[in-house]
Amino acid sequence: MLNTHTDASPSTETVAVIVSPTTRALIAGCVGNALEWFDWLVYTGFAIFFTRQFFPSDNETASLLSTFAVFAVGFSMRPIGGWLAGVFADRYGRRTALALTIGMMGGSSLLIAILPTFQQIGIAAPIALTILRMLQGLSAGGEYGASAAYMAESAPPAKRGFYASFMYVGVASGLLLASALTWLMTSFVETATLEAWAWRVPFFVGGCASIFGGWLRHGIPETDAFIAMRARGIKRRSLLWIWRNHRREILRLLGIAVLGAPSFYLFVSYVPVYAIRHAGAVPSVAFGAATAGIAVFLISQPFFGMLSDRIGRRPPLIAFALLHVLFLYPVVMSIGANFTSVFLVECFGLLSYGLYSAIAPTVMAEVFSAEVRVTSIGTIYNLVVALIGGTTPYLMTYFESQHHQAWFLVYVIFWALISLITYIMMPETRGISLDPGK
């Protein structure tokens with residue numbers, strides 16, 4: 001539960017009069033995640049337009065692979081970001097870590113918006129783009145663990161699944177806005193204009209919006225779980241200590257996350273691009289269908305969170321893995337060029353993924369004790385995301401270029417089997433106390 005005392009400034013105290021501390025925590029968490037993932041999806045959505053601005057090549061596939069390679073490099077920084085922000089959050093508080101992550105993401109996005117191209121500054125252009133994506137990777141890695149712990153610790157125990165599901169309401173809101181903007185711009189802006197300069201607009205919008213997000217997060221109250229832990233004395237724990245004393249929890253978290261990583265980026269980031277390049281869909285149709293699918297995903301999150309509060313965490317997770325094992329291959333391979341086809345594929349993927357995403361922050365917070373909660377989630381989860389999720393667009397593009405796109409689906413099904421075994425064997429975590437010493 002939240003501590004109602006805060007050192008908020010007068011402006012944030014005015015907000016506190018209007019809404020309760022718990023509601024403020026939910027809004028701040030949602031806004032932060034929305035901005036984080038708005039910036040992240042903008043990169044993948046507009047990659048096909050700015051790729052030759054930074055990686056000029058006569059081969060379109062080679063340019064796109066280079067752009068997605070930078071995407072993967074950014075992901076390589078996520079475990080480091082999760083570890084650094086996690087250590088900071090476990091020692092100095094969750095809310096300060098959240099303010100830092102949103103500032104880093106927004107600043108990097110603004111710099112990408114004004115970054116000179118290869119034609120203007122040569123090799124320095126792709127190098128600068130890579131560095132900025134690495135900074136955004138650090139930010140995104142730090143955001144997940146701190147946000148998951150903050151929102152789970154802020155919730156009433158009986159409604160923890162419902163409250164923590166709003167973390168992905170924020171994620172979905174950012175994705176929806178990014179997808180909608182991509183759809184609008186591909187519908188009403190000429191391709192030549194998008195490739196010349198209009199691709200910069202979404203990065204500028206995301207950077208400016210982060211200023212509002214940072215203000216909203218300023219002064220939000222710290223959680224009771226962290227305050228209680230601080231009162232007992234915070235002990236510094238290294239990653240080696242965590243491995244030695246929480247090995248079973250770490251392995252469980254790995255099994256929980258290995259399917260969520262490729263599933264998310266497969267359906268959110270790459271399916272529209274795949275539909276355009278493989279099925280021949282018009283960009284406006286593909287991104288329009290993706291936008292509609294993300295809207296359905298957003299609406300589903302609180303309901304899936306409430307479901308986990310009623311029947312437990314394990315049943316929805318088992319259903320998530322089973323759907324991927326049984327239906328992923330035929331559904332994705334059936335994608336066509338029309339709106340309905342892309343939309344149905346997106347609905348299958350995003351709703352099945354939603355069974356996981358609405359519950360994952362709660363489950364991960366319930367697995368670890370407060371003293372190592374953010375460090376463990378941030379480091380281990382982001383390691384999985386970096387190794388498996390970050391390479392998803394690259395692998396999909398490569399296999400598609402070799403006319404072996406089905407191989408990647410088999411790869412995802414393998415991870416689905418690993419997660420399915422984990423979900424079946426793991427104990428139920430619903431009802432576990434998140435406060436230290438209880």
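Glycine 255 is buried, because its relative accessible area is 4%; buried denotes under 20% relative accessible area, exposed over 50% and partly exposed the range in between, with a 1.4 Å probe and protein chains only. The residue lies in helix H14, which spans residues 247-257. Helices (H or I, at least four residues) and strands (E, at least two) are DSSP runs numbered from the N terminus. When residues up to four places away in sequence are not counted, glycine 255 touches Ser419, Thr422 and Tyr423, a contact being defined by heavy atoms within 4.5 Å. Between the C-alpha atoms of glycine 255 and valine 384 there is a separation of 9.5 Å, although these positions lie 129 residues apart along the chain numbering.

The model is predicted, so that local features need pLDDT of at least 70 and side-chain atom pairs count only at pLDDT 80 or more, whereas totals for chains, interfaces and linings use all residues. Residues are numbered from 1 along each chain as its sequence is written, and side-chain values use heavy atoms, with hydrogens and water left out.At the level of the whole fold, the protein chain contains 22 helices and zero strands. The radius of gyration of the protein chain is 21 Å, which agrees with the value near 22 Å for a compact globule of 438 residues; this radius is taken over C-alpha atoms, and the globule rule is 2.2 Å times the number of residues to the power 0.38. Along the principal axes, the C-alpha atoms fill a box of roughly 60 × 50 × 40 Å. Of the 438 residues in the protein chain, 59% are buried. Among contacts with a separation of 6 or more, 87% join residues 24 or more positions apart. The accessible surface amounts to about 16400 Å², and carbon and sulfur atoms account for 68% of this area. Accessible areas come from the Shrake-Rupley method with a 1.4 Å probe, and for residues only the protein chains shown count as cover.

The interior was examined in terms of nonpolar cores, each a set of buried Ala, Val, Leu, Ile, Met, Phe, Trp, Tyr and Cys residues joined through side-chain atoms within 4.5 Å. The largest nonpolar core has 111 residues, and Tyr356 and Met364 have the most contacts inside it. Helix H2 (residues 21-54) supplies the largest share of this core, with 13 residues. A second, separate core consists of ten residues, including Ala28, Leu98, Ala146 and Ile220. Methionine 364 touches Tyr144, Leu253, Ile256, Ala257, Tyr356, Ile377 and Tyr381, with residues up to four places away in sequence not counted.

Charged pairs were also considered. Six salt bridges are found in a search of the whole structure, a salt bridge being a side-chain nitrogen of Lys or Arg within 4 Å of a carboxyl oxygen of Asp or Glu. A network of salt bridges links Asp90, Arg94, Glu153 and Arg373. Within this group, the side chains of arginine 94 and aspartate 90 meet at 2.9 Å, N to O. Arginine 94 counts as buried because its relative accessible area is 0%, and aspartate 90 is likewise buried because its relative accessibility is 3%. Arginine 94 also forms a salt bridge with glutamate 153, the closest N and O atoms being 2.8 Å apart. That pair links distant parts of the chain, with glutamate 153 in helix H7 and arginine 94 in helix H5 (residues 94-113), 59 residues apart. Both glutamate 153 and arginine 94 are buried.

A further salt bridge joins the side chains of aspartate 309 and arginine 313, at 3.0 Å from N to O. Aspartate 309 is buried because its relative accessible area is 14%, and arginine 313 is buried because its value is 0%. Arginine 310, by contrast, is exposed because its relative accessible area is 71%. Arginine 310 is located in helix H16 (residues 283-311). The C-alpha atoms of arginine 310 and valine 342, which are 32 residues apart along the chain, are separated by 33 Å.

On the surface, Met104, Phe118, Ile123, Ile127, Ile131 and Leu135 make a nonpolar patch of about 510 Å². Patches are made of residues with over 30% relative accessible area and no salt bridge, with like charges joined within 9 Å and nonpolar side chains (Val, Leu, Ile, Met, Phe, Trp, Tyr) within 5 Å. Helix H7 (residues 124-153) contributes three residues, the largest share of the patch. Leucine 135 is found in helix H7 and is partly exposed because its relative accessible area is 32%.
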